Amino acid sequence: MASDLQQKALDYHRFPKAGKLTISPTKPMETQSDLALAYSPGVAHPCLAIAEDENQAASLTARGNLVGVVTNGTAVLGLGAIGPLASKPVMEGKAVLFKKFAGVDVFDIELNERDPEKLVDIIAAMEPTFGGINLEDIKAPECFIVEKLCRERMNIPVFHDDQHGTAICVAAAVYNALRVVGKDIGKVKLAACGAGAAALACLKLLVSLGLPKENIVVSDIHGVVYEGREVEMDPYKSEFAVDTNMRTLSEAVKDADIFLGCSGPGALTKDMVATMGERPIILALANPTPEILPEEVREVRPDAIIATGRSDYPNQVNNVLCFPYLFRGALDVGATEINEDMKIAAVKAIADLAQAEQSDIVTKAYGGAALSFGPEYLIPTPFDPRLYVEVAYAVAKAAMDSGVAARPVDSLELYREKLRNFIYRTRFVMKPVFDKARKQLMRVAYAEGEDERVLSAVQTVVDEGLALPILVGRRKVIEFRIEKMKLRLKLDRDFQLVDPEDDPRYREYWQAYHAIREREGVDPDTARAHIRTNTTIIGAMMVHLGHADALVCGTYGKYSKHFNRVSGIIPLRDGVRHASALHLLVSNDRALFFSDTQVREQHTAEELAELTILAADEVKRFGIEPKVALISYSNFGSADVPSARKAQAALKIINRLAPELSVEGEMKADSALVPEIRNTIFPNSRMEGAANLLIMPDLDSANISYNIAKSLGNGIAVGPILIGMSKSVHITVPSVTVRGLVNITAIAAVDAQDHQAGTMMHGLASRKKRIKGDG
Ligand SMILES: NC(=O)C1=CN([C@@H]2O[C@H](COP(=O)(O)OP(=O)(O)OC[C@H]3O[C@@H](n4cnc5c(N)ncnc54)[C@H](OP(=O)(O)O)[C@@H]3O)[C@@H](O)[C@H]2O)C=CC1
Ligand SMILES: CC(=O)C(=O)O
Ligand SMILES: [Mg+2]
């Protein structure tokens with residue numbers, strides 16, 4: 001297992017390109033004119049503007065979003081002083097986390113310098129380069145000096161992540177854990193193992209939150225840090241020295257309510273844990289190997305609440321929950337430092353997220369109800385997209401309130417909106433769907449099982465544990481292509497096969513198919529021929545007969561043909577008149593849904609209203625609150641054209657059937673997407689902010705606008721998602737990519753789960769019944 005991880009980690013870093021980072025330009029450099037602007041002579045102008053007013057650097061260069069992750073490699077994770085070069089993978093890792101989780105750019109700087117004062121000189125000299133400095137893995141006590149002097153000398157945030165990032169997450173976890181066990185922070189006893197950067201900062205923050213200092217006993221490698229100790233002491237440790245006869249960690253741990261480990265592997269034993277107080281809280285945070293493993297704790301103390309720094313156990317208390325978002329907030333308002341108010345704001349935001357009542361949207365975003373506040377969920381998971389919004393917002397606000405924001409935002413509400421937009425990029429957009437798909441594996445049939453894109457996608461589906469694939473296709477062809485493509489797929493282990501040329505269910509399928517379609521001109525011979533030759537029909541029959549939970553088809557041929565075949569077998573959902581298709585486009589700053597992009601050429605007002613409600617339900621599956629705009633050539637009655645009248649009528653029906661929906665119209669696309677434009681012409685819009693679901697008047701406009709948006713931007717397309725069917729059937733398009741097939745598989749799987757559980761969103765039938773009931 002360990003060597004498997006080792007090999008995987010080495011391969012991950014080595015291939016396809018060495019390391020984890022690259023630099024990519026944000027401006028075009030295609031023409032001579034670009035060259036003249038980016039470099040000499042044009043570049044002189046931004047230089048002179050900054051020489052005149054240094055604040056201009058924030059808008060003329062990347063500095064305002066650039067953080068230096070700086071180390072000297074003296075306390076690299078729990079690996080010790082392995083040196084600056086060996087620390088580089090960790091620093092590149094931090095850089096990737098900054099970028100992926102919070103859009104912050106990072107240069108990782110590994111310095112060959114152990115002398116704290118010289119280190120400060122080097123770091124301070126880099127101030128013109130950066131908007132902030134994240135000190136990393138510099139050992140105590142030098143790190144305290146480095147941080148203090150840098151903060152004094154520099155006018156940008158300097159933050160030692162191992163101290164304060166860890167402390168913020170620990171404080172949030174302890175605060176929540178105490179709530180779970182019903183203990184008072186003012187009365188608990190804490191034993192700390194490790195008296196370095198992380199441990200001492202955690203203790204300071206906990207004391208400032210009300211944990212009495214006299215209730216804390218700290219140990220390091222030499223045992224308890226007591227008053228009068230002379231071995232390996234420094235002023236920072238001395239602050240926590242207590243007047244006690246205890247000399248060992250075992251003595252300190254006895255009857256303690258909390259163990260805080262920021263030391264090294266295996267420092268806490270089962271025997272020690274056995275002596276702790278009732279319902280002990282154990283934070284074993286050394287990385288990569290904690291002070292004790294959760295399973296060892298459970299052997300002796302099943303009543304314990306356990307957190308580690310690792311991602312493979314529940315309750316990952318790791319500074320990754322904090323540093324990307326804290327810097328996001330600080331940079332966005334040009335904070336000159338990170339002060340106590342900003343840290344406390346981050347603690348509160350993180351703690352509140354785990355405790356927050358989860359709306360059905362958030363529950364869906366986490367793939368079901370599993371994550372509810374309690375012993376196994378004290379603190380949000382690192383992939384929780386809400387961290388980005390809530391922590392950055394809280395920190396930016398605290399910076400502004402405490403007067404350290406050099407560039408305060410005009411409106412905190414608009415700022416929050418901007419943060420929300422960031423997280424809805426594909427990684428986050430698809431994640432809730434992927435998580436839910438993994439929870440209960442569905443059997444997904446692929447009608448074009450011989451297609452190489454399908455085979456590649458199925459490899460990913462198997463690797464990521466998203467579904468149980470069933471390939472429809474000829475055995476020989478599939479086996480040959482798997483071999484040729486060097487895939488690792490194995491029949492029966494990884495996927496099931498339905499071979500149209502040789503399947504024992506042939507007779508059952510054609511007879512059932514004939515029974516469905518005998519009054520539509522399908523005689524037994526035609527039924528036999530269809531089942532022998534048409535894989536979409538086979539796939540749809542599998543779903544109909546319960547041999548598969550979902551169908552994915554459409555990698556070749558016309559959408560309408562696939563749709564006609566599928567809809568001849570799988571009826572519409574109760575209360576739905578017509579199926580429709582939804583496309584999602586995820587760009588850098590937003591997730592935008594378009595409907596109906598594939599199915600019907602024209603819609604009546606009633607049909608438009610119904611497809612809007614169904615599409616909005618689908619949007620909620622992504623954990624996104626739909627904001628719907630009915631798009632037209634006309635802006636709120638500015639033109640008397642049929643599409644405008646249709647949208648106006650549809651809006652009335654939607655308001656009656658789904659009064660809770662945030663929907664407006666009719667409006668032009670720019671009014672929908674740019675609230676400032678809409679507000680000047682129609683200030684009383686019921687839908688606030690930018691729309692994320694665009695309902696187009698007809699198929700042409702939906703498909704054309706979606707394709708233009710897709711081609712112009714660098715957005716990632718998801719879909720089409722077929723909505724309105726009574727079972728999970730999804731028809732993709734011939735241009736689909738492998739990633740697109742993986743995405744639609746997860747969507748089909750989740751759709752199938754909801755159909756099986758009967759948890760499709762409110763639906764039209766129940767809405768219509770309710771309206772009738774209301775009279
Ligand atoms: N989960 C998280 O988010 C984070 C976890 N950490 C982890 O915390 C640990 C310490 O990091 P950091 O504070 O930056 O490093 P420092 O080098 O500043 O401090 C390490 C401290 O741990 C003590 N220590 C080491 N091994 C043992 C042991 N076996 N028993 C008792 N004490 C021990 C050292 O004692 P002495 O002074 O006597 O050498 C020192 O006091 C690392 O494992 C790191 O991975 C750190 C930051 C964040
Ligand atoms: C997480 C981290 O920063 C550490 O273990 O050092
Ligand atoms: Mg660290």
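This passage describes the surroundings of two ligands, three helix-helix contacts and several backbone features in a predicted model.

The shell around ligand 1 comprises 30 residues, of which G78, G194, G196, G264 and G309 come nearest to the ligand. Two or more residues of this shell are supplied by each of helix 8 (161-181), helix 9 (197-208) and strand 6 (216-220), and helix 9 gives the most, with three residues. In character, the shell around ligand 1 divides into 14 nonpolar, twelve polar and four charged residues. With respect to the domain assignment, at least three residues of the shell are drawn from each of domain 1 (2-156) and domain 2 (164-317).

Ligand 2 is surrounded by L77, D137, D161, D162, N287, G309, N318 and N319. One nonpolar residue, four polar residues and three charged residues make up this shell. G309 is thus named in both settings, being listed among the residues that come nearest to ligand 1 and among those that surround ligand 2.

Three pairs of helices were examined for their packing. In the pair formed by helix 26 (residues 605-620) and helix 27 (residues 642-657), the axes come within 8 Å and cross at roughly 50°, which makes helix 26 oblique to helix 27. The crossing of these two helices, helix 26 and helix 27, is right-handed. On the side of helix 26, the contact is made by A605, E606, L608, A609, T612 and I613, and on the side of helix 27 by K646, A649, A650, I653, I654 and L657. Nine of the residues in the contact of helix 26 with helix 27 are nonpolar, one is polar and two are charged.

For helix 22 (residues 506-517) and helix 23 (residues 524-533), the axes come within 9 Å and the crossing angle is roughly 125°, so that helix 22 is likewise oblique to helix 23. This crossing of helix 22 and helix 23 is right-handed. Residues Y506, Y509, W510, Y513 and H514 of helix 22 meet P524, A527, R528, H530 and I531 of helix 23, and the residues of this contact divide into seven nonpolar, two polar and one charged.

Helix 20 (residues 452-463) packs with helix 31 (residues 738-757) at an angle of about 55°, the axes being 8 Å apart, and helix 20 is therefore oblique to helix 31. The crossing of helix 20 and helix 31 is also right-handed. Here R453, V454, S456, A457, T460 and V461 of helix 20 meet V738, L741, V742 and T745 of helix 31, in a contact whose residues divide into six nonpolar, three polar and one charged.

Several features of the backbone were also noted. The peptide bond from F15 to P16 is cis, with omega near -10°, and P16 lies in the loop between helix 1 (2-14) and helix 2 (32-38). A cis peptide bond is likewise present from G719 to P720, where omega is near 5°; P720 is found within strand 20 (residues 716-723). Finally, D255 has a positive phi of about 65° although this residue is not a glycine, and D255 is placed in the loop between helix 11 (249-253) and strand 8 (258-261).

Technical notes:
Residues are numbered from 1 along each chain as its sequence is written. Chains are lettered from A and ligands numbered from 1 in the order in which they are written. This is a predicted model: local features need pLDDT of at least 70, side-chain atom pairs count only at pLDDT 80 or more; totals for chains, interfaces and linings use all residues. Axes are lines fitted to C-alpha atoms, for helices over the stretch in contact, and angles run from 0 to 180 degrees between N-to-C directions. Helices (H or I, at least four residues) and strands (E, at least two) are DSSP runs, numbered from the N terminus. Angles under 35 degrees count as roughly parallel, over 145 as roughly antiparallel, 65 to 115 as roughly perpendicular and the rest as oblique. A crossing is left-handed if the near helix is turned anticlockwise from the far one by less than a right angle, and right-handed if clockwise. Two residues are in contact if their C-beta atoms, placed from the backbone, lie within 7 Å. Ala, Val, Leu, Ile, Met, Phe, Trp, Tyr, Cys and Pro count as nonpolar, Asp, Glu, Lys and Arg as charged, and the others, Gly among them, as polar. A residue is near a molecule or strand if its C-beta atom, placed from the backbone, lies within 6 Å of it. Domain bounds come from an automatic or database domain assignment.
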